[in-house]
Amino acid sequence: SLYDYGSVGGQRLSRVSFQRPLAERWRYGLDDWQPYLARWLDRRGIRADFCTDLDLHDEPAVLDGASLLVVAGHHAYWTREARTTFDSRVAAGLNAALLAGQVMCWQARLEGTAVARSLVCFKDAALDPEPRATHMSGRWADPALAKPENSSVGLGSAGSKTWLRGDVRP
């Protein structure tokens, strides 16, 4: 786990695999909110296509023809590539609805192959051995990364602080 809680010995990791056994709650790799949203849309006859953060990272064209991107659940970890896809599409007119918490708190990166990938996030840019800020992990608001989440989504948080677009102080 990238969190202290739920980790062996209460010590979070900086690298987690996508190929790991999941507890019952996470059996589909989703948090609770995506299935609820999918069922809600279906009951109302609202047509929706679905993609993952990995799709935004690997295949920006997944959003071709979309008029709205709904981000639901807990989406704290974004790769630079996924965020670039989001930012460029919104700048080009794609609407975005954020039904999520902690959107874009952490810059993470993917390592390995498509078959055996890991998500890497040290949660402190100073601890990450990756020298390039474009792939270093840590809080987007960290001065080393200099891209606070509010520059993309209008609102951000760091610890217990919250700020609006235009006030980019971490």
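## Leu98 and its contacts

In this predicted model, L98 touches V71, F86, V103 and V153, once neighbours within four places in sequence are left aside. The residue belongs to strand β4, which covers residues 95–101. The relative accessible area of L98 is 32%. Because that value falls between the 20% limit for buried and the 50% limit for exposed, L98 is classed as partly exposed.

L98 can also be placed relative to L69. The two are separated by 29 residues in sequence, and their C-alpha atoms are 8.4 Å apart.

## Nonpolar cores

The largest nonpolar core has 12 residues. Its members are L56, L63, L69, V71, W78, A82, F86, L94, V103, M104, W140 and V153. Strand β2 and helix α3 are the elements that contribute two or more residues to this core. A further core, apart from that one, has 10 residues, including A76, Y77, C105 and L110.

The contact list of L98 can be read against the membership of the largest core: V71, F86, V103 and V153 are contacts of L98, and V71, F86, V103 and V153 are members of that core. L69, the partner in the C-alpha distance of 8.4 Å, is a core member too.

## Helix α3 and Thr85

Helix α3 runs over residues 80–91 and contains T85. T85 has a relative accessibility of 3%, so it counts as buried, the limit being under 20%. Beyond the neighbours within four places in sequence, T85 contacts L56, P60 and L63. Of these, L56 and L63 are listed in the largest nonpolar core.

## Surface patch at strand β2

L68, V70 and L99 make a nonpolar surface patch of about 260 Å². V70 is in strand β2, residues 68–74, and is partly exposed at a relative accessible area of 35%. Strand β2 also gives two or more residues to the largest core. In a regular strand, side chains alternate between the two faces of the sheet.

## Strand β6 and its partners

Strand β6 (residues 117–120) is covered on both faces. R117 and L119 are buried on one side, and S118 and V120 are buried on the other.

Which strands pair with β6? Strand β1, residues 15–17, does so in the antiparallel sense over three bridges, with V16 having L119 of β6 as its bridge partner. Strand β5, residues 106–112, also pairs with β6 in the antiparallel sense, over four bridges. In that pairing G112 stands opposite R117. β5 and β6 form a hairpin, and four residues lie between the two strands.

## Positive phi outside glycine

K123 is not a glycine, yet its phi is positive, at about 65°. It is located in the loop between β6 and β7, the latter being residues 138–139. Is K123 buried or exposed? Its relative accessibility is 14%, so K123 counts as buried.

A146 is another residue other than glycine with a positive phi, here near 50°. A146 sits in the loop between β7 and α4, where α4 spans residues 150–153. Its relative accessibility is 58%, and A146 therefore counts as exposed. The two loop residues thus fall in opposite classes, with K123 buried and A146 exposed.

Terms used. Residues are numbered from 1 along each chain as its sequence is written. This is a predicted model: local features need pLDDT of at least 70, side-chain atom pairs count only at pLDDT 80 or more; totals for chains, interfaces and linings use all residues. Side-chain values use heavy atoms; hydrogens and water are left out. Buried means under 20% relative accessible area, exposed over 50%, partly exposed in between (1.4 Å probe, protein chains only). Contact means heavy atoms within 4.5 Å. Patches are made of residues with over 30% relative accessible area and no salt bridge: like charges are joined within 9 Å, nonpolar side chains (Val, Leu, Ile, Met, Phe, Trp, Tyr) within 5 Å. Accessible areas come from the Shrake-Rupley method with a 1.4 Å probe; for residues, only the protein chains shown count as cover. A salt bridge is a side-chain nitrogen of Lys or Arg within 4 Å of a carboxyl oxygen of Asp or Glu. A nonpolar core is a set of buried Ala, Val, Leu, Ile, Met, Phe, Trp, Tyr and Cys residues joined through side-chain atoms within 4.5 Å. Two strands pair if DSSP finds at least two bridges between them.
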